Amino acid sequence: MTQNRRVHRLRSASPAVLPSLLMCDFGNLERELMRLEGAGVEALHLDVMDGSFVPNLTYGFPIIEALRRLTDLPLDVHLMIDHPERYINHFAHAGADLITIHVEATEQPGEVLNQIRSLGLGSGLALNPDTPLTRIERFLDQCDLVLVMSVNAGFGGQKFNTIALEKLRRLNEIRPAGMMLEVDGGVNSSTIASCAAAGADLFVVGSAIFGQDNYTAAVHGLNELLQTA
Ligand code: DX5
Ligand code: ZN
């Protein structure tokens with residue numbers, strides 16, 4: 001288990017809602033960050049896409065570096081990129097605290113997870129809805145986090161796929177002590193409670209926060225559903 005201070009803080013803060021910054025106002029990054037910190041979020045979820053592993057392109061090192069300068073919140077970096085092993089060092093230097101790779105994106109997930117941990121960061125492994133759990137089970141001891149995708153990686157605003165609930169339940173039974181379970185895609189006020197009941201600790205939310213005028217009300221509303229789940 002990694003000893004990274006911010007990863008430890010996030011583990012202690014769970015269950016927690018993590019905003020996915022995909023839909024934030026990048027022209028006003030500092031203001032967006034102030035609004036999110038004001039809403040009491042415990043970490044930021046950053047979606048990096050390469051236009052190859054997924055058919056969409058987002059952002060990379062400069063935005064992560066900028067966020068690192070602006071906040072002490074844990075930065076949870078979700079890499080939707082092919083052959084992530086090429087860039088782990090770069091993302092570590094940019095200021096990531098947790099780096100999650102996709103099992104579908106590399107031939108050597110175990111080595112990449114070790115590489116992430118050897119840099120003192122939290123290691124995460126993600127799987128898409130069509131990927132069976134058998135693809136990741138042998139790597140669980142090398143994971144600080146498993147990210148169960150409840151939509152196909154690539155775009156915000158998609159509908160929640162309930163296959164994620166079955167995977168969360170099974171992972172919750174077999175996970176090593178200290179490993180966090182995260183769910184990402186279509187998490188909103190209608191789906192968050194069932195994710196919590198299935199065993200998730202971290203709940204990535206994009207449109208259900210950034211589609212609202214009041215981030216504090218949105219985050220508090222979701223947190224309340226977590227408390228009662
Ligand atoms: C999808 C991303 C998600 C996404 C979440 O590929 O990994 O983090 O932005 O957005 P919503 O909550 O709108 O599904
Ligand atoms: Zn994500």
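The following exchange works through a predicted model of a protein with a zinc ion and a second ligand.

Biologist: What is the overall size of the protein, and which radius of gyration does it have?

Modeller: Along its principal axes the C-alpha trace spans about 40 × 35 × 35 Å, and the chain is built from nine helices and eight strands. Buried residues account for 54% of the 229 residues. A compact globule with 229 residues would have a radius of gyration near 17 Å, and the value for this protein agrees with that, being 16 Å.

Biologist: Which residues coordinate the zinc ion (ligand 2)?

Modeller: The donor residues follow the sequence spacing H-x1-D-x30-H-x105-D, and their coordinating atoms lie at 2.0 to 2.3 Å from the metal. Named with those atoms, the residues are His45 (NE2), Asp47 (OD), His78 (ND1) and Asp184 (OD).

Biologist: What arrangement do the donor atoms form around the zinc ion (ligand 2)?

Modeller: Ideal angles for six octahedral donors are 90 or 180 degrees. Around the zinc ion (ligand 2) there are six donor atoms, and the angles they subtend run from 66 to 167°. Opposite donors have to be over 155 degrees apart and all others between 65 and 115 for this class, and the angles found here make the arrangement octahedral.

Biologist: How many residues apart in sequence are the parts that His78 and Asp184 tie together?

Modeller: Both residues are donors to the zinc ion (ligand 2), and His78 is buried, as is Asp184. His78 belongs to strand β3 (residues 75–80) and Asp184 to strand β7 (residues 180–184), so the pair ties together parts whose separation in sequence is 106 residues.

Biologist: Is His102 buried or exposed?

Modeller: His102 lies in strand β4 (residues 98–102), and its side chain makes a polar contact of 2.9 Å with the side chain of His78. Its relative accessibility is 0%, and the limit for the buried class is under 20%. His102 therefore counts as buried.

Biologist: What share of the area that ligand 1 exposes when taken alone is buried by the protein?

Modeller: Ligand 1 is surrounded by 20 residues, of which the closest are Asp47, Gly154, Asp184, Gly206 and Ser207. Oxygen atoms of ligand 1 lie 3.0 Å from a polar side-chain atom of Ser20, 3.3 Å from an N or O atom in the side chain of His78, and 2.8 Å from a polar backbone atom of Gly186. Taken alone, ligand 1 exposes 390 Å², and the share of this that the protein buries is 99%.

How values were computed
Residues are numbered from 1 along each chain as its sequence is written. Chains are lettered from A and ligands numbered from 1 in the order in which they are written. This is a predicted model: local features need pLDDT of at least 70, side-chain atom pairs count only at pLDDT 80 or more; totals for chains, interfaces and linings use all residues. Side-chain values use heavy atoms; hydrogens and water are left out. Donors are N, O and S atoms within 2.8 Å of the metal (3.2 Å for Na, K and Ca); water is not among the atoms, so sites may look incomplete. Four donors count as tetrahedral if all angles lie between 85 and 135 degrees; four count as square planar and six as octahedral if opposite donors are over 155 degrees apart and all others between 65 and 115; anything else is irregular. Helices (H or I, at least four residues) and strands (E, at least two) are DSSP runs, numbered from the N terminus. Buried means under 20% relative accessible area, exposed over 50%, partly exposed in between (1.4 Å probe, protein chains only). A residue is near a molecule or strand if one of its heavy atoms lies within 4 Å of it. A polar contact is a pair of N or O atoms within 3.5 Å; within protein, one must be able to donate a hydrogen and the other to accept it, and residues adjacent in sequence count only if both atoms are side-chain atoms. Accessible areas come from the Shrake-Rupley method with a 1.4 Å probe; for residues, only the protein chains shown count as cover. The radius of gyration is taken over C-alpha atoms; the globule rule is 2.2 Å times the number of residues to the power 0.38.
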